[in-house]
Amino acid sequence: MPPVEHSDALILGGGHNGLVCACYLAAAGLSVTVLERRGVPGGAAVTQEFHPGFRNSVAAYTVSLLNPKVSADLELARHGLRVLDRPLANFLPGEEQGYLKVGEGRTLGEVARHCARDAGQLPEYWRRLDVIADVLRELALEAPPNVTSGGWRDALPELLNGARLGKRLARLDMAMRRELLELFARSAGDYLDQWFEGDAIKAVLGFDSIVGHYASPYTPGSAYVQLHHVFGEVNGKKGAWGHAVGGMGAITQAMAACARERGVRVQLNAPVRELLVERGRAVGARTDDGREWRAGIVASSLNPKLLFQQLIDTALLPAGFNERIARWRCGSGTFRMNVALSELPDFNALPGRALAEHHGAGIIMAPTLAWMDEAYLDARRDGWSRKPIVEMLIPSTIDDSLAPRGQHVASLFCQHFAPELPGGRSWDEVREQVADHVIDSVTRFAPNFKGAVLGRQVLSPLDLEREFGLIGGDIFHGALTLDQLFSARPMLGHADYRGPFAGLYLCGSGSHPGGGVTGAPGHNAARAILSDRRRWGGRRDSRWRSAAQ
Ligand SMILES: Cc1cc2nc3c(=O)[nH]c(=O)nc-3n(C[C@H](O)[C@H](O)[C@H](O)COP(=O)(O)OP(=O)(O)OC[C@H]3O[C@@H](n4cnc5c(N)ncnc54)[C@H](O)[C@@H]3O)c2cc1C
């Protein structure tokens, strides 16, 4: 018989949210074990050498959403994390000519070059977005009001929670409340069309609405996804995106260092095969090697579909619960490449191979919203687009730890690659062909690109699922659509980080506030766990949720 291991809390998955949750629980004095399937902690936020001498962030590649409170509480800077500002936020080149640069102190002048009216609109557009992003920022570390079906004992705290939310929203004047509604319900395309005329400014702003969101920028609800990408900050600059020195793995290495310092046991190469449930209560997990890990608290940072369809006997779950999980939409349409480069790309729109500020920007190769719309329609029909949407980031322009001197690494973050290919084809059949197509597409913007590629790493949606457990390759553990957000993430009745069994908690991106390297779900779940322990002295949860509920 393999030995049985015991701890107060067991965390399933050592991605960044699992680590954050573990750190908070350990700080409160609990003995904590993290079970991670891979040989490194960090989930989708990891750095790896992918070509001799060239390292890069494998999946997530840029930082903004990481919550400052989490960062401070875990002392990530003391554990080695350094985040640098980008020299320029974004560069949007045309295939042949014309470009837009946006960044601090630059955008107004650049937009005015194209359209004076648009430049005039920008300050008010930013003001409104800022006010609303501030509200979202505050809500990121709050549990959303949970819809309960129990008696007053369950309902009362949620009523108070709802009242607190109402108070926050009441701070917005009527005009801003209308704006908020528009941002939640409308498409980014419609929203931006009513503000601006220029294709380039709409594209650079609207790009955020399709990042990790397999939809057209004209799909209702996409304006919220745009908003989701602006509620972060870098070094105190709201809405900015930056670079973690050493790649995104530096964030999770710092988190893992904090966890270890607090006494957390981070067990690598430990794939969970089964959640152990006894008499309606989660009591631990069994790993592939047959070992049992027992704990009074089990917190899962896995995609909800993965946990509830693959690691639990679904017969233990209520039919309504299983139905909701079956309908949980995963599949962000993401194709991700890393390339080793012998030289910097020389853009038709802004020639030059010598390092310039635009090389340090998020380079968006999708010059119009119509381009993005078409990419989505193509992908629905053919699996991917003739003209894909590619964002390129070349972190070696500001971080010399990633590539040999004079050479570079680039992340290619490509949107709208069907999670499931039409005609029953597998991504394994077409991965390399599609990677060639992406390289050709970038080469249309920068003719020296193809010749500069020394090596590449390619992750199709299927690879993202296999490698990281991202079901459907979904970078957010589930689409950020209205029916999967806030009190509905992952479902009504479980937005408070508490699962369908007593002792089971949800601490990953499938819970509020969703995906991105935020640390927020891990933080919020730890707070729910500790509040239950305070309330029940560690003996039971606030709710004994029987499987029959
Ligand atoms: C291609 C890509 C690009 C992205 N770009 C960005 C970006 O630039 N910036 C940003 O902020 N966000 C980005 N994201 C989103 C962000 O990376 C994720 O939302 C975030 O990392 C999710 O963190 P998590 O801890 O909730 O889950 P994950 O990071 O998914 O961690 C879950 C962990 O569980 C482990 N696991 C799975 N199954 C088991 C099992 N059976 N047993 C044990 N362990 C298991 C996995 O190995 C993984 O380590 C990107 C994601 C991807 C995929």
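# A guided tour, starting at His477

Select His477. With a relative accessible area of 12%, His477 is buried, because buried means under 20%. This is a predicted model, so keep confidence in view as you go. His477 sits in the loop between H16 and S20. Now check the backbone. The phi of His477 is positive, about 65°, although His477 is not a glycine.

**Stop 1: Ser301, a contact of His477**

Select Ser301 next. His477 is among the residues that Ser301 touches. Also in contact with Ser301 are Leu12, Gly13, Gly18, Cys507 and Gly508, with residues up to four places away in sequence left out. Ser301 lies in the loop between strand S14 (292-300) and helix H11 (304-310). Is Ser301 buried or exposed? Ser301 counts as buried, because its relative accessibility is 9%.

Show the side chain of Ser301. Which backbone oxygens does it meet? The backbone oxygen of Leu12 is 2.8 Å away. The backbone oxygen of Gly13 is 3.1 Å from a polar atom of the same side chain.

**Stop 2: the ligand**

Now select the ligand and show its surroundings. It is surrounded by 34 residues. The closest are Glu36, Thr62, Ser509, Gly516 and Val517. Colour the shell by residue class. It holds 17 nonpolar, 13 polar and four charged residues.

Turn on distances. Start with Glu36, where a polar side-chain atom lies 2.6 Å from an oxygen atom of the ligand. Move to His16. Here a polar side-chain atom is 3.0 Å from a ligand oxygen atom. Then take Ala44, where the partner is in the backbone: an N or O atom lies 3.0 Å from an oxygen atom of the ligand. How much of the ligand does the protein cover? On its own, the ligand has 1000 Å² of accessible area, and the protein covers 97% of that.

**Stop 3: helix H8**

Go to helix H8, residues 199-210. Select Ser209, which lies in this helix. Ser209 counts as buried, because its relative accessibility is 0%. Show its side chain. A polar atom there lies 2.6 Å from the backbone oxygen of Gly206. Now look beyond four places in sequence. Ser209 touches Ala188, Pro217, Ser222, Val225 and Gln226.

Step back to Asp208, also in helix H8. Asp208 counts as buried, because 18% relative accessibility is under the 20% cut-off. Leave out neighbours within four places in sequence. What does Asp208 contact then? The list is Val225, Gln226, His229 and Val230. Val225 and Gln226 also appear among the contacts of Ser209.

For a sense of scale, draw a line from Asp208 to Gln433. The two are 225 residues apart along the chain, and their C-alpha atoms are separated by 27 Å.

**Stop 4: two cis prolines**

Return to the loops around S20. Select Arg489 and Pro490. The peptide bond from Arg489 to Pro490 is cis, with omega near -5°. Pro490 is in the loop between helix H16 (461-468) and strand S20 (504-506). His477, where the tour began, is in the loop between H16 and S20 too.

Then pick His512 and Pro513. A cis peptide bond joins this pair as well, with omega about 5°. Where is Pro513? Pro513 is in the loop between S20 and helix H17 (520-536).

**Stop 5: two exposed residues**

Switch to a surface view. Select Asn269, in the loop between strand S11 (265-267) and strand S12 (272-278). Asn269 is exposed, because its relative accessible area is 56% and the cut-off is over 50%. Check its backbone too. Asn269 has a positive phi of about 50°, although it is not a glycine.

Next comes Glu104, in the loop between strand S7 (99-102) and helix H3 (107-114). Glu104 is exposed, with a relative accessible area of 67%. Now select Leu88 alongside Glu104. They are 16 residues apart in sequence and 7.4 Å apart in space, C-alpha to C-alpha.

**Last stop: confidence**

Colour the chain by pLDDT. The average is 94, and 97% of the residues score at least 70. Now select residues 539-549. Over this stretch the pLDDT is below 50. How many contacts does the stretch have in the model, beyond near neighbours in sequence? It has 39.

Technical notes:
Residues numbered from 1 in each chain as written. Predicted model: local features only at pLDDT ≥ 70, side-chain atom pairs only at ≥ 80, totals over all residues. Heavy atoms only, no water. Near = heavy atom within 4 Å. Polar contact = N/O pair within 3.5 Å; in protein donor to acceptor, adjacent residues only side chain to side chain. Areas by Shrake-Rupley, 256 points an atom, 1.4 Å probe, with all protein chains shown as cover. Nonpolar A, V, L, I, M, F, W, Y, C, P; charged D, E, K, R; others polar. Helix = DSSP H or I, 4+ residues; strand = E, 2+ residues; numbered from the N terminus. Buried < 20%, exposed > 50% of the residue type's maximum accessible area, 1.4 Å probe, protein only. Contact = heavy atoms within 4.5 Å. pLDDT = per-residue confidence, 0-100.
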